[in-house]
Amino acid sequence: NDPPARSIVRSRFAKALKSGGLHLHEWARAGIEADGVYAINEIGLALKGPRKTLDDRKALVRALSDAGSSQTQFQDEIVKVFADVLDGDPELTLQVAVATRNWGKTALHKKFEALVAMEETDPATLFFLNIVLQKNTISE
């Protein structure tokens, strides 16, 4: 409700998305708090960008995860971003699976099943994906 504060958050959020670094998670969360779906989509675009380090990408996934857990109205939009992440960045599969495991959403399960079938999927990720997929089977 404070326009000057919102303006500062928007500016710092945009800079953090471009440069990454130490407080990227916090500015991403602040951006979502200020601008909701718009910020979620901007984070999605940043995750597709070629210049983000693995740590920066993990920080952005964590920000989306935190937002989806605390602001459930954004979960569907965040799941769309995570679907794109799974298509283009298999290194983040474990983080996405952990992020969404308790949301009760199954929209990503087809992608998780495909990743389980791939030989390249690392053992830890494979183990967790199987847990997520079994949990869904048990709860149905």
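At what angle do helix α4 and helix α5 pack, and how far apart are their axes? Keep that question in mind as you begin, and remember throughout that what you have open is a predicted model.

**First stop: two helices**

Select residues 54-70, which form helix α4, and then add residues 75-88, which form helix α5; the two pack at an angle of about 155°, with their axes 9 Å apart. Because an angle over 145 degrees counts as roughly antiparallel, α4 is described as roughly antiparallel to α5. If you turn the view so that one helix lies in front of the other, you are looking at a crossing of α4 and α5 that is left-handed.

Now show the side chains where the helices meet: on α4 the contact is made by V61, L64, S65, A67 and G68, and on α5 by Q75, I78, V81 and F82. Sorted by class, this contact of α4 with α5 has six nonpolar residues and three polar ones, while no charged residues take part.

**Second stop: a pair of rings**

Keep F82 of α5 selected, since this residue belongs to the helix contact you have just seen, and add W103. The count of aromatic pairs comes to one, and here it is: the ring centres of F82 and W103 are 6.4 Å apart and the planes lie at 25°, so the pair is stacked. This pair links distant parts of the chain, for F82 sits in helix α5 whereas W103 sits in the loop between α6 (93-100) and α7 (109-117), 21 residues apart. Are F82 and W103 buried or exposed? Both of them are buried.

**Third stop: L108**

Move next to L108, which lies in the loop between α6 and α7. L108 has a relative accessibility of 3%, and therefore counts as buried. Setting aside neighbours within four places in sequence, you can select the residues that L108 is in contact with, namely V79, F82, A83, L86, V96 and T100. Draw a distance from the C-alpha of L108 to that of K80 as well: the two residues are 28 residues apart in sequence and 8.8 Å apart in space.

**Last stop: D66**

Return to helix α4 and select D66, which lies in it. With a relative accessible area of 31%, D66 is partly exposed. Which residues is D66 in contact with, leaving aside its neighbours within four places in sequence? They are H25 and R29. Finally, add T100, whose C-alpha atom is separated by 10.0 Å from that of D66, although the two residues are 34 residues apart along the chain.

Note on methods
Residues are numbered from 1 along each chain as its sequence is written. This is a predicted model: local features need pLDDT of at least 70, side-chain atom pairs count only at pLDDT 80 or more; totals for chains, interfaces and linings use all residues. Side-chain values use heavy atoms; hydrogens and water are left out. Axes are lines fitted to C-alpha atoms, for helices over the stretch in contact, and angles run from 0 to 180 degrees between N-to-C directions. Helices (H or I, at least four residues) and strands (E, at least two) are DSSP runs, numbered from the N terminus. Angles under 35 degrees count as roughly parallel, over 145 as roughly antiparallel, 65 to 115 as roughly perpendicular and the rest as oblique. A crossing is left-handed if the near helix is turned anticlockwise from the far one by less than a right angle, and right-handed if clockwise. Contact means heavy atoms within 4.5 Å. Ala, Val, Leu, Ile, Met, Phe, Trp, Tyr, Cys and Pro count as nonpolar, Asp, Glu, Lys and Arg as charged, and the others, Gly among them, as polar. Rings of Phe, Tyr and Trp (its six-membered ring) pair if their centres lie within 6.5 Å; planes under 30 degrees apart count as stacked, over 60 as edge-to-face and the rest as tilted. Buried means under 20% relative accessible area, exposed over 50%, partly exposed in between (1.4 Å probe, protein chains only).
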